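The following exercises concern the salt bridges and helix geometry of one structure. Please study the sequence and the model before reading each solution.

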Amino acid sequence: MKRVDLIKEIAAEFELIANRLSETEVATVALVVELEPQHLAEIAKRAQKLTGPKNVKLKTVIDKSLLAGIIIRIIEEFGALFIKARICPSKGGDRFQL
């Protein structure tokens with residue numbers, strides 16, 4: 001059993017190193033319900049503009065304590081960035097406003 005835990009730790013460390021080498025920032029997105037892939041792509045694109053890394057990888061977390069909207073948490077080397085977003089109705093359907 002101890003080996004399984006060790007493999008998980010090695011995989012997590014490998015992911016950190018791979019992200020550093022590829023200039024990828026991992027952002028955790030807390031939301032009430034799952035979003036469509038195109039909405040997640042829009043969030044990643046906007047987060048990339050705000051943080052400046054080459055790539056942004058999203059990890060979604062369902063948080064039933066939220067009433068609406070989303071919270072994006074990006075941990076950088078020297079701090080953390082929290083972005084609150086809301087869904088705004090528009091002519092072309094719902095869009096995110098960051």
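**Exercise 1.** Locate E42 and R46 and describe how their side chains meet.

*Solution.* Step 1: both E42 and R46 belong to helix α2, four residues apart, which is about one turn of the helix. Helices (H or I, at least four residues) and strands (E, at least two) are DSSP runs, numbered from the N terminus. Step 2: the two side chains form a salt bridge, with 2.9 Å from N to O. A salt bridge is a side-chain nitrogen of Lys or Arg within 4 Å of a carboxyl oxygen of Asp or Glu. Step 3: E42 is among the buried residues of α2, whereas R46 is partly exposed at 26% relative accessibility. Here buried means under 20% relative accessible area, exposed over 50%, and partly exposed in between (1.4 Å probe, protein chains only).

The model is predicted: local features need pLDDT of at least 70, side-chain atom pairs count only at pLDDT 80 or more, and totals for chains, interfaces and linings use all residues. Residues are numbered from 1 along each chain as its sequence is written, and side-chain values use heavy atoms, leaving out hydrogens and water.

**Exercise 2.** Compare the expected span of helix α2 with the distance between its end C-alpha atoms.

*Solution.* Step 1: the expected span of a helix is 1.5 Å times one less than its number of residues. Step 2: helix α2 covers residues 37-51, which is 15 residues, so a span of 21 Å is expected. Step 3: the end C-alpha atoms are 21 Å apart, in agreement with that value. Step 4: the buried residues of the helix are L40, E42, I43, A44, A47 and T51. Step 5: after α2 comes G52, with a positive phi near 85°.

**Exercise 3.** How many salt bridges does a search of the whole structure find, and which residues are linked in a network?

*Solution.* Step 1: the search finds three salt bridges. Step 2: one of them joins K57 and E15, at 2.8 Å from N to O. K57 lies in strand β2 (residues 55-62) and E15 in helix α1 (residues 2-21), so this pair links distant parts of the chain, 42 residues apart. Step 3: E15 also meets K59 in a salt bridge of 3.6 Å, N to O. Because E15 is in helix α1 and K59 in strand β2, this pair ties together parts 44 residues apart in sequence. Step 4: E15, K57 and K59 are thus linked in a network of salt bridges. Step 5: the relative accessibility is 25% for E15, 32% for K57 and 38% for K59; each counts as partly exposed.
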